[in-house]
Amino acid sequence: MALSKKPYKGTRDFLPPDKRAQDYLFEKMHQSAQLFGFEHYDGPLLEEVELYKAKSGEELINDQIYSFEDRGKRFVAIRPEMTPTLARMVARVHREIPKPIRWYSIPNLYRYERPQRGRLREHWQFNCDIFGAPGRTGEVEIVQLLVSFLENFGANETHFEVLINDRTIVDSIFSSLTSNQETIYKLYKLVDKSKKIPEEALLKELGETGLEKQSIASFKRYLKLSSFDELFDFLNELNLSEAADNFKQFYHVIEGQSISKFLNFDPTIVRGLDYYTGIVFEVFDKHPDNRRAISGGGAYANLLQIFDEPALAGVGFGLGDVTLQDFLQSHGLMPDCTKASNDVLVSYQVTEGYQDLAELALNLRRENKKTLFSLEPLKFKKVFSQAEKVGARFVILYGEQEKDQHSVIIKNLASKEQETIPLKEFKQIIKFLNK
Ligand code: HAM
């Protein structure tokens with residue numbers, strides 16, 4: 001039986017146009033992170049499973065991780081996320097490097113998921129994180145970076161919003177409803193999926209938690225809160241306003257900034273990963289056909305402690321290439337990447353052309369001109385359709401007459417301007433290309 005030509009379920013082959021589109025996204029990621037002074041890092045594709053067991057959470061470990069025993073009997077996993085690797089790397093070097101540490105990466109990650117729109121088994125994820133920033137400055141900087149990254153594509157507040165919450169607050173509310181840690185964990189999971197399941201199912205599961213009637217009523221009220229002010233009033237009522245100190249600080253700094261128009265409080269944002277301890281957020285697409293998270297992140301205070309290191313507060317986000325591309329496409333913000341882009345197509349119409357123009361093509365590349373050399377005689381009528389296909393802005397032609405005169409015809413395809421230039425006048429050729 002012939003082998004399947006399809007890539008493994010939930011993964012993608014990147015043919016050149018696909019890779020061009022992805023490279024475009026990656027370039028913007030590098031640019032945006034570097035504009036904020038973030039440094040590029042990377043880690044291995046494989047890690048010991050224990051690294052994820054420590055703090056990533058049940059769903060990732062039980063349902064999503066690709067893990068196996070290696071030949072040396074070690075249990076390893078293909079990285080499903082970058083944050084644990086990052087924490088491990090920061091734990092190794094944080095004593096020697098100045099704070100705050102601002103790092104970014106674009107790793108490919110594997111999660112065993114049911115492939116669907118916006119969810120695959122392999123995706124690339126733009127990760128930006130800060131460690132050791134004082135007060136709420138790290139959180140603010142991370143949200144600024146996230147917003148300005150999306151603004152770099154031409155997106156604005158009509159296209160996306162940043163939904164935000166604080167786990168310290170959620171912890172204190174849930175602890176006021178029950179002292180049972182297992183129930184609190186269940187409430188988190190319930191909140192996390194509350195938008196994805198029907199209300200009846202939610203109420204049924206809520207009933208099964210064993211919470212008292214009054215606590216169930218408070219939980220339901222919590223889920224209905226829809227603004228920062230409503231949240232702060234609710235906390236006052238429960239005598240829990242101290243729990244909001246950090247969130248209020250963050251909110252007050254952000255309030256005066258232009259990015260505040262993107263931010264909205266959302267009680268259902270608690271994040272599925274267990275290591276978050278403070279502010280948590282998700283970027284949501286506002287397009288009605290694509291209401292999903294493009295990015296998620298938050299603050300985590302204790303991740304370095306799993307390596308027996310002192311606490312060093314971190315905050316960051318992950319943003320996936322699949323969801324980003326869907327977002328940009330649904331708002332018409334994704335450029336056409338179907339065509340390559342080149343400066344010149346060097347073609348010849350006589351067989352001697354290869355020999356005569358090979359050096360010219362090489363010299364054009366030495367001048368940083370992206371040059372496609374035809375490598376076989378190209379009929380005059382085919383030159384222009386070929387140039388169009390490879391996205392060349394200029395063509396060079398070399399027929400019988402040019403061969404006899406030791407010259408080339410060079411043509412600007414946009415302006416239709418053309419000149420015949422002797423082959424030995426290389427500078428003149430460059431001048432024409434630079435016009
Ligand atoms: P996460 O919410 O699991 O967070 O993933 C972040 C983003 O990665 C999602 O919003 C989505 O865009 C993308 N993503 C996740 N899983 C898939 C998938 N199966 N297919 C396509 N895209 C996906 C984290 O991973 C955290 N480690 C992020 C972080 C960094 N927190 C702090 N620093």
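Is Asn127 buried or exposed? Select Asn127 in this predicted model and the answer is that Asn127 is buried, because its relative accessible area is 2%, which is under the 20% that marks a buried residue. Its place is in strand S7, and its side chain makes a polar contact with the side chain of Gln125 at 2.9 Å.

Keep Gln125 on display and add His123, which also lies in strand S7. The side chain of His123 makes a polar contact with the side chain of Gln125, here at 3.3 Å, and His123 counts as buried with a relative accessibility of 13%.

**The domains**

Step back now and colour the protein chain by its domain assignment, which gives domain 1 as residues 13-154 together with 300-338, domain 2 as 160-285 and domain 3 as 342-433. If you place a marker at the C-alpha centre of domain 2 and another at that of domain 3, the two markers will be 64 Å apart.

**The ligand**

Select the ligand next, with the domain colours still switched on. Both domain 1 and domain 2 give residues to the shell around the ligand, so the ligand lies between these two domains. The shell holds 27 residues, of which Glu81, Thr83, Glu113, Tyr276 and Ile294 come nearest to the ligand. By residue class, the shell divides into nine nonpolar, twelve polar and six charged residues.

Three side chains deserve a distance label in the viewer. A polar side-chain atom of Glu81 lies 2.6 Å from a nitrogen atom of the ligand, an N or O atom in the side chain of Tyr275 is 2.9 Å from a nitrogen atom of the ligand, and a polar side-chain atom of Arg119 lies 3.3 Å from a nitrogen atom of the ligand. Taken alone, the ligand exposes 660 Å², and the protein buries 96% of that area.

To see which elements supply the shell, show strand S7 (122-131), strand S11 (293-300), strand S12 (314-320) and helix H12 (321-330), each of which gives two or more residues to it. Strand S11 gives the most, with six residues.

**Strand S8 and its partners**

Move on to strand S8, residues 160-166, and switch on a surface for the rest of the protein. Seven of the seven residues of S8 are buried, so this strand is largely enclosed by the rest of the structure. In a regular strand the side chains alternate between the two faces of the sheet. Looking along S8, you will find Phe160, Val162, Ile164 and Asp166 pointing one way, with Glu161, Leu163 and Asn165 pointing the other way, and the residues of both sets are buried.

Now add the strands that pair with S8. Strand S10 (residues 279-285) runs antiparallel to S8 and is joined to it by seven bridges, and a useful pair to label is Leu163 with its bridge partner in S10, Glu282. Strand S9 (residues 263-265) pairs with S8 in the parallel sense over three bridges, where Val162 has Leu263 as its bridge partner.

**Lys248 in helix H11**

From there, go to helix H11, residues 245-255, and select Lys248 within it. Lys248 is partly exposed, with a relative accessible area of 26%. A line drawn from its C-alpha to that of Arg117 spans 36 Å, between residues that are 131 apart in sequence.

**Backbone features**

The last stops concern the backbone. Most residues other than glycine have a negative phi, and most peptide bonds are trans. Select Lys99 and Pro100, which are joined by a cis peptide bond with omega about -10°; Pro100 lies in the loop between helix H4 (83-93) and strand S5 (101-105).

Then select His406, in the loop between helix H15 (400-405) and strand S16 (407-412). Phi of His406 is near 50°, a positive value in a residue other than glycine, and His406 counts as exposed at 54% relative accessibility.

Follow strand S16 onward to strand S17 (418-422), passing through the loop that holds Lys416. Strands S16 and S17 pair in the antiparallel sense over five bridges, and Ile410 has Glu419 in S17 as its bridge partner. In this hairpin, which has five residues between the strands, Lys416 takes a positive phi near 65°. Is Lys416 buried or exposed? Lys416 is exposed, with a relative accessible area of 54%.

Notes: Residues are numbered from 1 along each chain as its sequence is written. This is a predicted model: local features need pLDDT of at least 70, side-chain atom pairs count only at pLDDT 80 or more; totals for chains, interfaces and linings use all residues. Side-chain values use heavy atoms; hydrogens and water are left out. Domain bounds come from an automatic or database domain assignment. A residue is near a molecule or strand if one of its heavy atoms lies within 4 Å of it. A polar contact is a pair of N or O atoms within 3.5 Å; within protein, one must be able to donate a hydrogen and the other to accept it, and residues adjacent in sequence count only if both atoms are side-chain atoms. Accessible areas come from the Shrake-Rupley method with a 1.4 Å probe; for residues, only the protein chains shown count as cover. Helices (H or I, at least four residues) and strands (E, at least two) are DSSP runs, numbered from the N terminus. Ala, Val, Leu, Ile, Met, Phe, Trp, Tyr, Cys and Pro count as nonpolar, Asp, Glu, Lys and Arg as charged, and the others, Gly among them, as polar. Buried means under 20% relative accessible area, exposed over 50%, partly exposed in between (1.4 Å probe, protein chains only). Two strands pair if DSSP finds at least two bridges between them.
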